[in-house]
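Colleague: Got a minute? I'd like to go through this model with you.

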Amino acid sequence: MSKKTVVFQRPDDVLDFVNKVGKYPFDMDMKRGRFIVDAKSILGLMNLGLKNKIELQVYHDSCDELWQDIEKYIAA
C-alpha cells in the first residue's frame, strides 16, 4: 500500500483526477478525518471538499506511473 496527500483547488480538478485514476486497475481510497470514499468516485470526492488535505491510499505497490499522472494534485 502507498499513501500520498492530495489537494483539489477547483471542481474541475476533481473531475480530472477521477479520469486519471480511473484508468488504473487497482483499488484506491481517499480519507479525510473519519470519512473514507472510493478515489474513483466524483461525488465521493466532492463530499470531502475542496482546498483540504486528503490522504490517498493506493492498494498496490508499484504506483510510479500513477504518481506521475497526478503529481499536480500532490500536496507539498
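Colleague: Which residue does Asp-16 form a salt bridge with, and how far apart are the closest N and O atoms?

Modeller: Asp-16 forms one with Lys-72, with the closest N and O atoms 3.7 Å apart. A salt bridge here is a side-chain nitrogen of Lys or Arg within 4 Å of a carboxyl oxygen of Asp or Glu. Asp-16 lies in helix α1 and Lys-72 in the segment after α3, so the pair ties together parts 56 residues apart in sequence. Helices are DSSP runs of H or I, at least four residues, and strands are E runs of at least two, numbered from the N terminus.

Colleague: What network of salt bridges is Asp-16 linked in?

Modeller: Asp-16, Lys-20 and Lys-72 are linked in one. The Asp-16 and Lys-20 side chains meet at 3.5 Å, N to O.

Colleague: Anything I should know about the numbers?

Modeller: It's a predicted model, so local features need pLDDT of at least 70 and side-chain atom pairs 80 or more, while totals for chains, interfaces and linings use all residues. Residues are numbered from 1 along each chain as its sequence is written, and side-chain values use heavy atoms, leaving out hydrogens and water.

Colleague: New topic: what's the strand order in the sheet?

Modeller: The open sheet runs β1-β4-β2-β3, with antiparallel pairing; strands pair if DSSP finds at least two bridges between them. β1 and β3 stand at the edges with a single partner strand each, so one side of each has no neighbour in the sheet.

Colleague: And what stands opposite Met-30?

Modeller: Leu-56, in β4.
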